[in-house]
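Here is a friendly note to read with the structure open beside you. Take the points in order, and find each piece on screen before moving on.

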Amino acid sequence: MCPAVAPDFHVSTVHYGIPFDLLWSHLSDPLQFPHLYPNWTTQVDRADEASFRGVGPGGDTFRIIQRLNRDHGVIDFEIIAEGGETEVSRSRLFPLPGRSCLYVHVATRSSRMDDAFWNDFKCATDQDVENARRLLEQRLVSQCP
């Protein structure tokens with residue numbers, strides 16, 4: 001029997017009918033986040049050569065540092081809040097047969113999240129992951145070979 005996933009983690013998955021090479025540049029680019037993940041970001045700008053500055057729907061600001069490994073489909077971001085609290089956004093993009101991909105995102109509950117906030121966060125994350133799939137399939141399907 002497999003152990004249950006701890007309640008302080010939430011896994012979101014979506015299947016894309018788009019090849020890895022087309023998806024990678026969109027999912028790994030923080031400048032795309034406001035369109036893809038509107039429940040999380042409303043604005044992203046390049047802060048410097050190593051990071052981006054994000055703004056959340058409530059006006060909160062945070063720093064985004066990419067931790068990418070294209071060869072392994074790793075799309076991780078270090079998110080540093082105004083107060084210095086750091087969390088890591090962990091995602092993987094797996095190429096599948098038939099020129100499609102599986103995208104998996106793991107959200108981790110931070111110490112500042114009460115139960116109500118955590119439940120809302122999980123729903124918003126699922127909505128954002130699905131929103132990204134819908135938008136990218138609309139935008140990229142015509143580019144599929």
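1. A starting term: two strands pair if DSSP finds at least two bridges between them. Keep that in mind for the hairpin of β4 and β5, which has four residues between the strands and in which Gly 73 takes a positive phi near 70°. Please also remember that this is a predicted model.

2. Now for the sheet as a whole. Seven strands make up an open sheet, in the order β1-β7-β6-β5-β4-β3-β2, and their pairing is antiparallel. Strands β1 (9-16) and β2 stand at the edges with a single partner strand each, so one side of each is left without a neighbour in the sheet. On average, and ignoring direction, neighbouring strands of this sheet are turned by 25° against each other. As general background, strands of a sheet pair through backbone hydrogen bonds, either parallel or antiparallel.

3. Let us begin at the β2 edge. Strand β2 (residues 43-48) pairs with strand β3 (residues 51-55) in the antiparallel sense, over five bridges. The two form a hairpin with two residues between them. To see one bridge for yourself, look for Val 44, whose partner in β3 is Gly 54.

4. The next neighbour is strand β4 (residues 61-69), which runs antiparallel to β3 and is joined to it by four bridges. Here Arg 53 has Arg 63 in β4 as its bridge partner. Thr 61 also belongs to strand β4. Which residues does Thr 61 contact, leaving aside its neighbours within four places in sequence? They are Arg 53, Gly 54, Val 55, Ala 81 and Glu 82. The C-alpha atoms of Thr 61 and Val 44 are separated by 9.5 Å, and these residues are 17 apart along the chain.

5. Strand β5 (74-81) deserves a careful look. Eight bridges pair β4 with β5 in the antiparallel sense, and Leu 68 stands opposite Ile 75 in β5. Five bridges join β5 to β6, again running antiparallel, with Val 88 in β6 as the bridge partner of Glu 78. Is β5 enclosed or open? Seven of its eight residues are buried, so β5 is largely enclosed by the rest of the structure.

6. Turns and loops come next. The hairpin of β5 and β6 has four residues between the strands, and Gly 84 in that hairpin takes a positive phi near 100°. Arg 99 is placed in the loop between β6 and β7, and Arg 99 has a positive phi of about 60° although it is not a glycine. For context, most residues other than glycine have a negative phi.

7. What does helix α1 lie across? Its neighbours in the sheet are β1, β4, β5, β6 (86-96) and β7 (100-108), and α1 runs at about 165° to β6. Helix α3 packs on the sheet too, touching β1 and β7, and its direction makes about 15° with that of β1. As for how covered α1 is, six of its eight residues are buried. These are Phe 20, Leu 22, Leu 23, Trp 24, His 26 and Leu 27.

8. The two helices also meet each other. Helix α1 (residues 20-27) and helix α3 (residues 115-140) pack at an angle of about 125°, with their axes 11 Å apart. That angle makes α1 oblique to α3. The crossing of α1 past α3 is right-handed. From α1, Leu 22, Leu 23, His 26 and Leu 27 meet Leu 136, Arg 139 and Leu 140 in α3. The residues of this contact divide into five nonpolar, one polar and one charged.

9. Finally, try His 105, which sits in strand β7. Why does His 105 count as buried? Its relative accessible area is 11%, and buried means under 20%. Not counting residues up to four places away in sequence, His 105 touches His 10, Val 11, Ser 12, Ser 89, Arg 90, Ser 91, Thr 125 and Val 129. His 105 and Val 129 are 24 residues apart along the chain, and their C-alpha atoms are separated by 8.1 Å.

Technical notes: Residues are numbered from 1 along each chain as its sequence is written. This is a predicted model: local features need pLDDT of at least 70, side-chain atom pairs count only at pLDDT 80 or more; totals for chains, interfaces and linings use all residues. Side-chain values use heavy atoms; hydrogens and water are left out. Axes are lines fitted to C-alpha atoms, for helices over the stretch in contact, and angles run from 0 to 180 degrees between N-to-C directions. Angles under 35 degrees count as roughly parallel, over 145 as roughly antiparallel, 65 to 115 as roughly perpendicular and the rest as oblique. A crossing is left-handed if the near helix is turned anticlockwise from the far one by less than a right angle, and right-handed if clockwise. Contact means heavy atoms within 4.5 Å. Ala, Val, Leu, Ile, Met, Phe, Trp, Tyr, Cys and Pro count as nonpolar, Asp, Glu, Lys and Arg as charged, and the others, Gly among them, as polar. Buried means under 20% relative accessible area, exposed over 50%, partly exposed in between (1.4 Å probe, protein chains only).
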